[in-house]
Each structure stands twice: as structure tokens, then as C-alpha cells.
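Open the model in your viewer and keep the selection panel at hand. The stops below say what to select and what to look for.

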Amino acid sequence: MNTIYLVGFMGCGKTSVGNLLSKQLEVPPYDVDTTVEKLRGQTIKEIFASEGEEAFRNYESLAIRQLPLENAVVMTGGGAVVREENLSYMKSKGTVIYLKTSFPILWKRLMKEEERNKRPILLTKTKEEVFELYQMRNEFYEKSDVTIITDHLTAEEICIRILDEIKPFNSWK
Ligand SMILES: Nc1ncnc2c1ncn2[C@@H]1O[C@H](COP(=O)(O)OP(=O)(O)O)[C@@H](O)[C@H]1O
Ligand SMILES: O=C(O)C1=C[C@@H](OP(=O)(O)O)[C@@H](O)[C@H](O)C1
Ligand SMILES: [Mg+2]
């Protein structure tokens, strides 16, 4: 099986769904944010504070290229696809799946203190600015191989949809 890459805006469920999906497929999950944190020995928040977003984007791009190309589920961070070369890399190596969630649902999830605190981008932007970012990034996410509308679906239901959608891309079962 070629690696499955999950993309989408912050809070759409890439990390939660990816962990679940990897169990169902019996392949390891790799969260790009966690990979960067291990690589640098710092949290995402600390990297943003000490070196800035551009440095984080460089580490993120490197991390994506270090992860396996087969038998894995990779959960990207919401900004990874803004570098077009990352999106084209993932599309050329595996199957890219966009978890598309409406902004009001995302906003409600992201405004929980523990979620907001993990994501430095949310600490410096207004709701209007985050919405603008959401609209701008949608253009990139839409270039994925598969789009799943996730509104009102549980992580389990999203997994079922993904498993169904990836059948044409793989023949491991
Ligand atoms: N399908 C879902 N339904 C309800 N809540 C969800 C769903 N997917 C994720 N969440 C919640 O949203 C928050 C962000 O999820 P996470 O998996 O970290 O998203 P991402 O990695 O895309 O930023 C978490 O609190 C998680 O429990
Ligand atoms: O959208 C973004 O720019 C970011 C999303 C985060 O990952 P999640 O999408 O998993 O929250 C993380 O990579 C970092 O805080 C930046
Ligand atoms: Mg995540």
C-alpha cells in the first residue's frame, strides 16, 4: 500500500483520524508535527517562538520527506500543502486525502483552550484572519486525490469513508 497522506485545515481531525485509520490498516501512523518535534527536541510552539514560522516550514518539509512511502499513514500539519512542492511530492508518492470541514465547526473545536494553546498560528490571529487563511488554503487542499466532507461525521465514520475511497488506489486486500 502506498502511504496515505491526510491534509486539511487545523482541527479537521487529521491527527485523530490518522491514528484510528492506521490501526485499522495495521500500519504505523506518523504525525508530521510530532516528527518535527522529535527532530528538533522542541514543541511546535517553541519552534515558532524561537525561530519563526519559516524555519518551522523548512523542518516540516524535511520531515515529510523522511517518512516512509509505503505502508504508513501520515498526518500533515494544516500548513504543509501551502508549499506546492510538498503537495506534489505527496501526490507523486502516495494518496492525498483532504478532510474538508466547515469553518464554524473547526472554530468551535479550535477555541477550546487546550487546542488553541498547541497552535501558535491561532494565538496571533483574529477569527477573521483565520477564516481568510482557511479560504486561501482551501484552494491547495482541493488539489488532493480524494476529498471527504467530514461535517457531523465521527472519526470512525470518516475512517470508513476513507477506506472505501482508497480502494481504487490500492489493491492490498
Ligand atoms: N470528527 C470529529 N468529530 C468531533 N471532534 C473531532 C473530530 N475530529 C477531531 N475532533 C476534535 O478536534 C480537535 C482537533 O483534532 P485533531 O485530530 O488534532 O485535528 P488536526 O490534526 O487536523 O488539527 C480535537 O479535540 C479532536 O478531538
Ligand atoms: O495550519 C498550520 O499552519 C499549522 C497546523 C498545525 O497542525 P494541525 O493542522 O495538526 O493543527 C501545526 O503544524 C502548526 O501549528 C501550524
Ligand atoms: Mg494534527
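Select His152. This residue counts as exposed, because 9 C-beta neighbours lie inside 10 Å and the limit for exposed is 12 or fewer. Bear in mind that the model is predicted. His152 sits in the loop between E5 and helix H10 (155-166). Check its backbone torsions. Phi is near 65 degrees, a positive value in a residue other than glycine.

Go next to Asn71. Here too a residue that is not a glycine has a positive phi, of about 50 degrees. Where does Asn71 lie? It is in the loop between helix H4 (53-66) and strand E3 (73-75). Asn71 has 15 C-beta neighbours inside 10 Å, so it counts as partly exposed.

Now for the strands. Select E4, residues 95-100. Is this strand mostly covered or mostly open? It is mostly covered, with five of its six residues buried. Add strand E1, residues 4-7. E1 and E4 pair in the parallel sense, over four bridges. For one of the bridges, pick Val7 and look across to E4: the partner is Tyr98.

Keep E4 selected and add strand E5, residues 146-149. This pairing is parallel as well and has four bridges. Pick Ile97 and look across to E5, where its bridge partner is Val146.

Move to ligand 2. What surrounds it? Select Met10, Lys14, Thr15, Asp33 and Ile44, then Gly77, Gly78 and Gly79, then Arg119, Pro120 and Ile121. Two elements give two or more residues each to this shell: helix H1 (14-25) and helix H8 (120-123). Colour the shell by class. You should get four nonpolar, four polar and three charged residues.

Stay with the shell and zoom in on Thr15, one of the residues around ligand 2. Thr15 lies in helix H1. In UniProt, an unreviewed entry places the feature "binding site" at this residue. Is Thr15 buried, exposed or partly exposed? It counts as partly exposed, because it has 19 C-beta neighbours inside 10 Å and buried takes 20 or more.

For the last selection, show the contacts of Thr15. Leave aside its neighbours within four places in sequence. The contacts are then Asp31 and Met75.

How values were computed: Residues are numbered from 1 along each chain as its sequence is written. Chains are lettered from A and ligands numbered from 1 in the order in which they are written. This is a predicted model: local features need pLDDT of at least 70, side-chain atom pairs count only at pLDDT 80 or more; totals for chains, interfaces and linings use all residues. A residue is near a molecule or strand if its C-beta atom, placed from the backbone, lies within 6 Å of it. Ala, Val, Leu, Ile, Met, Phe, Trp, Tyr, Cys and Pro count as nonpolar, Asp, Glu, Lys and Arg as charged, and the others, Gly among them, as polar. Two strands pair if DSSP finds at least two bridges between them. UniProt positions are given in the numbering used here, feature names are shortened, and annotations may be inferred rather than shown by experiment. Two residues are in contact if their C-beta atoms, placed from the backbone, lie within 7 Å.
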